Amino acid sequence: MSVRSVSADAGPARWRAGLGRLVAGAALLTAVALLPWLSGNDPALTVLRARSADQDPTPAQLAAIREQLGLDDGPFTHLAHWLSGLLGGDAGTSWVSGEAVLPQVTAAFAVSFTLMLGALVVTLVVAALVSARTLYLGSRRRLRRGRGATGAAVLAALPKFLLASLLATVGGVWLGWFPSSGWAGPSSMVLPALALGVPSGAMIGGLLDQALPAAFHEPWARTWWAHGFAPGRIARHALRRTLAGVLPQLLPTVVSLVGGAVAVEKIFNIPGLGRLALDAAIAQDLPPLQTAALVLVLLGTAAGLLIQAVRRALLGPALRDGALPALHPPTLPRSRRSHWVAGACAAALLTMVIAGLFRDPLHVDTAARLLSPSPAHPLGTDALGRDLLARLGHGALRTVGVAFAVTAVCTVTGLLLGMAAQVGAGLTEAVSTLPAVLAGMLATAVTGPSVWGAAGAVCLVGWTPYAAQAAALLEQERASGHMLASLSFGAGPGYLLRHHLLPAALPAVLRNALLRLPTTVLVLASLGFLGLGEQPPTAEWGRLLSENQPYVELAPWTVLGPAGALVLLSVLAVSGTAAGRSSARRTANR
């Protein structure tokens, strides 16, 4: 394939991707516009209650609200009117407050964008720290797998709303270093940026840490070592080679830092865009909700285009000219410590679950409220006097089962759309702008609040990281010399799929899915915390975290059990990816 033919194909591909972005964005805005009519509740009643808390309005009052808001005209008429006003710089007025929407959304976006920049800095710093050891040892040909990935799993499993509560309590209340509430200046950004950036940075750093060994085992690295090149130069080029495959994961991360940080914004009382969108969705205040969704779509599109440009700048002519080899993870030695850590985590988690299954998770004892751990209650009790070990054990199967099901659906969907990159690129960028909370509102409007409604909402948006990763890896694979050689020998689509495309993308996507498994649990927990997911009194790990979060300062043991279980699950997930990769490599070698 010549440079001219690749350049000729690039134009139509960009047009298809742009069309996909436009269609996906239009579908998203249409779905948002349908929210009041999908909910099954009278929009006029919801708006009236949001305005005046009137629980028993008269039919005349409801009719007046419908006439004032034009609800009888239907959602599509309202959407067309809103779009026509938007072209003139008018986003309408709030149905609840009667104030202009555009200044509200602009102010909220400025706050969220500033917070996003701070959290992005923290994300990059944490990612660099997580992958620094592998980068240093790899440049000196002393790679050993196990420690960096485990540390990344522990940090990535930290619940953002729980980390936010701890930082607000310790750094804001006890030590008084930074403000724990409100938005008064740069100092107000520090604690929420840490709460958002540390888990996200651990996720990105973990992916980078897993991908670096493949770059260090490419032929160019071995040649450079043989010719005595400086380790620092080898490290820089390996990092540049690896970043191209990891960069697409920044897209959902960037958008989630703006639109998906609702819990953190609520804890720190930050007037951000995610909180504005959630409040508008709950009140069915359509103009600010549509405007916030449009801002998130535009942000995701801009971030996607920027990340794509950076990827092409990093890879340069190698991607364009078909001279890019595929990254194949090597089999690396593992320390015995990593086996012992994985075994200890599995034993501890299994012990807690089995011990909890022999206890009653629903027994309420008001005389035993918020008891500290003791022989009678090894993990203590909650605010209703229920045994936390029992609730942890009984919630294990439901929590892990639903999270695995959601992860499997998201992985398969992302892989399929990643293979159709020219069609799915715009769709991925547009859907990644939709926060899981807003997707939860849309799903709950149809199914009602339930665990499966929350699972469906996560499936609607959770496939985007896998699609972005698969598309990036497959783009490199299609440009590789050995795939072009197979094409020249007449290889068909089936052969290319089995021997080139799936081996290039599937292992990395599966490792990403396992690394994100605890994050899926936490997203489901956030939806339950906001009343959109698992309903009480069901025992579920995320629910335990959310319902005990207000007691972190008074009774920290109420969250230690579920938080520790998530950390153990994360370490086991990382160990599983490493073991699966080693087994696959041994099979391939045979």
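## Side-chain contacts in a predicted model

Phe216 and Trp225 are both buried. Please keep in mind as you look around that this is a predicted model.

**Aromatic pairs**

Phe216 and Trp225 also face each other as a ring pair: their centres lie 6.4 Å apart and their planes make an angle of 20 degrees, so the pair is stacked. The structure holds three aromatic pairs, and another one of them joins Trp224 and Phe229. Here the ring centres are 4.9 Å apart and the planes are at 15 degrees, so this pair is stacked too. Trp224 is buried, with a relative accessible area of 19%, whereas Phe229 is partly exposed at 28%. Trp224 has a further partner: the charged end of Arg233 sits over its ring, 5.2 Å from the centre.

**Salt bridges**

There are four salt bridges in the structure. Three of them are listed here, with the distance between nitrogen and oxygen.

| Salt bridge | N to O distance |
|---|---|
| Arg359 and Asp387 | 3.4 Å |
| Arg386 and Glu547 | 3.7 Å |
| Arg391 and Glu547 | 3.5 Å |

What does the bridge between Arg386 and Glu547 tie together? Arg386 lies in the loop between helix 17 and helix 18, and Glu547 in helix 26 (residues 541-548), so the pair links parts that are 161 residues apart in sequence. Glu547 in helix 26 also meets Arg391 in helix 18, so that contact ties together parts 156 residues apart in sequence. Through shared partners, salt bridges join Asp382, Arg386, Arg391 and Glu547 into one network. Two arginines of this network are buried: Arg386 has a relative accessible area of 7%, and Arg391 has 0%.

The bridge between Arg359 and Asp387 has both of its residues in the loop between helix 17 (336-357) and helix 18 (388-419), so it ties together parts that are 28 residues apart in sequence. Is each partner buried or partly exposed? Arg359 counts as partly exposed at 28% relative accessibility, while Asp387 is buried at 6%.

**Cysteines**

How many disulfides does a search of the whole structure find? The search finds zero. Cys410 is worth a look all the same. Its sulfur has that of Cys459 as the closest cysteine sulfur, 4.4 Å away, which is too far for a bond, because a disulfide needs the two sulfur atoms within 2.5 Å. Cys459, in turn, has the sulfur of Cys410 as its nearest and is in no disulfide. Cys410 is buried, with a relative accessible area of 3%.

Terms used:
Residues numbered from 1 in each chain as written. Predicted model: local features only at pLDDT ≥ 70, side-chain atom pairs only at ≥ 80, totals over all residues. Heavy atoms only, no water. Buried < 20%, exposed > 50% of the residue type's maximum accessible area, 1.4 Å probe, protein only. Phe/Tyr/Trp six-rings, centres within 6.5 Å; stacked < 30°, edge-to-face > 60°. Lys NZ or Arg CZ within 6 Å of the ring centre and 35° of its normal. Salt bridge = Lys/Arg side-chain N within 4 Å of Asp/Glu carboxyl O. Helix = DSSP H or I, 4+ residues; strand = E, 2+ residues; numbered from the N terminus.
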